[in-house]
Amino acid sequence: MSNIESMLAFDREHLWHPYTSAVNPLTVYPVAKTDGVKIILEDGRELIDGMASWWCAIHGYNNPALNKALCDQVQKMPHVMFGGLTHEPAVSLARKLIDLSPPPLQHVFFADSGSVSVEVALKMAIQYYQAVGKPEKNRIMTIRNGYHGDTLGAMSVCDPVNGMHSLFEAVLPKHIFAEAPCCGYDDGCTDADFADFKSKIENHAHELAAVILEPVVQGAGGMRFYSPDYLKRVRQACDEHDVLLICDEIATGFCRAGAMFASELAGICPDIMCVGKAITGGYMTLAATLATAKVAEGISSDGGVFMHGPTFMANPLACTVANASLDLLVESNWQERIPQITKMLRAGFTPCENLSTVAEVRCLGAIGVVEMKNTVDMDSIQLEFVKRGVWVRPFGKLIYVMPPYVISNLELEALTSAICEVVSLQR
Ligand code: PMP
């Protein structure tokens, strides 16, 4: 047995991959290395990466500036606890996040993954209302088709149908779900479109600490884009009813939807914002929860402290690579490049539009989605993509890409044409 075969055999026998069976797992492809926008398999095949490793690797892999930042930092201080200590990489990253985000967001809590930053956000909202003398405001409202992570608190605000609630019903807190927005990105939001959200927030305001949602783009819960006007109305309703607004920008943040943060597309600012994924350019796990002075000072009134403190909080390696990644992003021409990517995705997916198997094609920012009428078979469709030299990981009925921003036009064309070819084979 070759080394690769034995590695794969061990993997199959002992390793869990995301959302898979331990005894009958889906195929996994062994990767030897990554470079730029290429994933290079152990057998030498090169795949153009359409996924940016799930929204993260915005500058491509093996980026010289990020590699250097990380190598320099590892010589100085790979890690140190954050309780009672602080360091330049954390302070400088917090400063950058505050500068990039809307002015009211002034306080930063570093977390170790997107899901944890969502837990932190929910706890902030609940602690805030306890601290200001309204402890009965401890439930959360959200919209259907959302996704916020896989930990229990995050899961409790994921879509109840496609978000694993049936498995964990007995232990999940029961929150309030409004219908998913049905007004598309280019539509306005009418009173009728907002009616369900409006009536639910009115009825539950007395017990609500926060509304949490993904601004404008709902990712893993259905890759849906909705009207920024809807989000504007959500902001207004939260203000009217004394409910905090948490925007989960973990997937959308750092320009993916065409603005630095997707909430800017609606011209609103949340009370609490979660960021993650692309923050380190896909190098390491790191996330952050930002809060306004109102929330931070509210929690801290009467000597209150915020009750969370992960072991790897503000890990210096992660903060350093995040600093380098955000510098690259800010210095890049993303304001021009992202609209070019949108245009190319639209043009590239045009051949899919009239296929009888395709329900809808939609593109926004650096996100392109081909929604099929039927669920695709993951194993076989993935094989077809790999055969054509691209890395695309569909789920359910959704074939979608969110490539690294540094993808070249030629690579992007190769990616979309391979997808069109594979889509045309679907029955
Ligand atoms: N929120 C959103 C919107 C996400 O897309 C994700 C990850 N797909 C998460 C939260 C959870 O992040 P993580 O996987 O880093 O825990």
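**Entry 1: E421 and R388**

I started with the side chains of E421 and R388, which meet in a salt bridge at 2.8 Å, N to O. For a salt bridge I ask for a side-chain nitrogen of Lys or Arg within 4 Å of a carboxyl oxygen of Asp or Glu. The pair links distant parts of the chain, 33 residues apart: E421 sits in helix α14 (residues 409-425), and R388 in the loop between α13 (378-387) and β15 (390-391). Helices here are DSSP runs of H or I with at least four residues, strands are runs of E with at least two, and both are numbered from the N terminus.

Next I looked up how covered the two partners are. E421 is partly exposed, with a relative accessible area of 44%, and R388 is also partly exposed, at 26%. My cut-offs: buried is under 20% relative accessible area, exposed is over 50%, and partly exposed is in between, with a 1.4 Å probe and protein chains only. Following shared partners, I found that salt bridges join E384, K387, R388 and E421 into one network.

A note on the source: this is a predicted model, where local features need pLDDT of at least 70 and side-chain atom pairs count only at pLDDT 80 or more, while totals for chains, interfaces and linings use all residues. Residues are numbered from 1 along each chain as its sequence is written, and side-chain values use heavy atoms, with hydrogens and water left out.

**Entry 2: other charged pairs**

In general, side chains of opposite charge can pair when their charged atoms come close. How many salt bridges does the structure hold? I have 17 in my list.

One of them joins K198 and E202, with the closest N and O atoms 3.1 Å apart. These two are four residues apart in helix α8 (residues 191-204), so about one helical turn separates them. K198 is partly exposed at 44% relative accessibility, and E202 is partly exposed at 40%.

Another salt bridge is between R362 and E360, at 2.6 Å from N to O. Is R362 buried or exposed? R362 is buried, with a relative accessible area of 11%, whereas E360 is partly exposed at 40%.

I also tallied the charges: 33 positive and 48 negative side chains, with the centres of the two sets 2 Å apart. Lys and Arg count as positive, Asp and Glu as negative, and His and the chain ends are not counted. I placed each charge at NZ of Lys, CZ of Arg, CG of Asp or CD of Glu.

**Entry 3: V275**

V275 lies in strand β11 (residues 272-275) and is buried, at 0% relative accessibility. What does V275 contact, neighbours within four places in sequence aside? The partners include L97, S117, E249, F254 and A288; contact means heavy atoms within 4.5 Å. For a separation in space, I took N354: its C-alpha atom is 36 Å from that of V275, and the two are 79 residues apart along the chain.

**Entry 4: the whole chain**

I counted 14 helices and 16 strands in the chain. The radius of gyration is 22 Å, close to the 22 Å that the globule rule gives for 427 residues, so the chain is as compact as a globular protein of that length. That radius is taken over C-alpha atoms, and the rule is 2.2 Å times the number of residues to the power 0.38. The C-alpha trace spans about 65 × 55 × 45 Å along its principal axes.

Buried residues make up 53% of the 427.
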